[in-house]
Amino acid sequence: NLFKNVNLGTNSSVFIVDSNGVVIASEDEKLIGTNYKDANVVGKILDIEKDSANDDDGTKLQKRCFSTGNGESLVSYAPLNGSDWYVVGVIPYSYLNSDSNILRNNTLVIGLISFIIAMFVALIISQSISNPLGNLVELMKKAKEGNLDLHMVDDNKDEISEVISAFNDMVKK
């Protein structure tokens, strides 16, 4: 019952194992009393504990995590004081990375939407500049050919409308 409320993702497991690899406690009662399915996990735990037995520099906790042989899961463990038992958690990397994958996808979607909005705004601004300028160029070509009966209306309040107004005044005079 201690392990039933622990959620470490699909295909994860939490159990207690002794130094011989025998499962002492597990959420799956069928495994209790049997050897843990991956002997390499127990062997790696024993190797790490043997190597860190003489370490007094505070790195023991950092060394109590490693990847499974196939690299699909993180194994984290802690020894139980006064025994040769270890509480072991095997957590799939897919579960550990799921939140960061969601965050990455959301960031990409927000970035794409922002890019599309920016391009749309840039297109509107570009059109608001190039269309009046194009019309002004056409009028200037007609004025160059001698037609001075020209007038262009631009109701905007920007620099281009000032140029158009000045052109209209010039042609009028």
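The largest pocket holds about 340 Å³ of space. Keep in mind that this is a predicted model. Its single salt bridge and a nonpolar surface patch of about 790 Å² are the other main stops on this quick tour.

**The largest pocket**
- Rolling a probe the size of a water molecule over the atoms is a way to see where empty space is left.
- The lining of the largest pocket is made up of 18 residues, and the ones nearest the centre are Asn11, Ser13, Tyr36, Lys37 and Val90.
- Sorted by class, that lining has nine polar, six nonpolar and three charged residues.

**Strand S1: serine 13 and valine 14**
- One of the residues nearest the pocket centre, Ser13, sits in strand S1, which covers residues 13–18.
- Is serine 13 buried or exposed? Serine 13 is buried, because its relative accessible area is 19% and the cut-off for buried is under 20%.
- Going from serine 13 to leucine 108 takes you 95 residues along the sequence and 33 Å through space, C-alpha to C-alpha.
- Valine 14 is in strand S1 too, and with 12% relative accessibility it counts as buried.
- Valine 14 and tyrosine 77 are 63 residues apart in sequence, yet their C-alpha atoms are 9.4 Å apart in space.

**Leucine 80 in its loop**
- Leucine 80 belongs to the loop that runs between strand S4 (73–79) and strand S5 (85–92).
- With a relative accessibility of 30%, leucine 80 counts as partly exposed.
- Leucine 80 and isoleucine 16 are 64 residues apart in sequence, with 9.1 Å between their C-alpha atoms.

**The salt bridge and helix H1**
- Side chains of opposite charge can pair when their charged atoms come close.
- Which two residues form the salt bridge? The side chains of glutamate 49 and arginine 64 do, at 3.0 Å from N to O.
- This pair ties together distant parts of the chain, 15 residues apart: glutamate 49 is in helix H1 (residues 39–52), while arginine 64 is in the loop between H1 and strand S3 (65–67).
- Neither partner is out in the open, as glutamate 49 and arginine 64 are both buried.
- Helix H1 also includes serine 52, which counts as buried because its relative accessibility is 1%.
- From serine 52 to arginine 64 it is 12 residues along the chain and 9.5 Å between the C-alpha atoms.

**The nonpolar patch and helix H2**
- What residues make the nonpolar surface patch? Val109, Ile113, Ile117, Phe120, Val121, Ile124, Ile125, Ile129 and Leu133 do, and the patch comes to about 790 Å².
- Take isoleucine 125 as a sample member: this residue lies in helix H2, which spans residues 93–144.
- Isoleucine 125 counts as partly exposed, because its relative accessibility is 46%; patch members need over 30%.

Technical notes:
Residues are numbered from 1 along each chain as its sequence is written. This is a predicted model: local features need pLDDT of at least 70, side-chain atom pairs count only at pLDDT 80 or more; totals for chains, interfaces and linings use all residues. Side-chain values use heavy atoms; hydrogens and water are left out. Patches are made of residues with over 30% relative accessible area and no salt bridge: like charges are joined within 9 Å, nonpolar side chains (Val, Leu, Ile, Met, Phe, Trp, Tyr) within 5 Å. Accessible areas come from the Shrake-Rupley method with a 1.4 Å probe; for residues, only the protein chains shown count as cover. A salt bridge is a side-chain nitrogen of Lys or Arg within 4 Å of a carboxyl oxygen of Asp or Glu. Helices (H or I, at least four residues) and strands (E, at least two) are DSSP runs, numbered from the N terminus. Buried means under 20% relative accessible area, exposed over 50%, partly exposed in between (1.4 Å probe, protein chains only). On a 1 Å grid over the protein atoms alone, a cavity is a set of points where a 1.4 Å probe fits but cannot get out, and a pocket is an open set with protein on both sides within 12 Å along at least five of seven lines; lining residues have an atom within 4 Å of a point. Grid points are joined across faces, edges and corners, and a volume is the space filled by probe spheres set on the points. Ala, Val, Leu, Ile, Met, Phe, Trp, Tyr, Cys and Pro count as nonpolar, Asp, Glu, Lys and Arg as charged, and the others, Gly among them, as polar.
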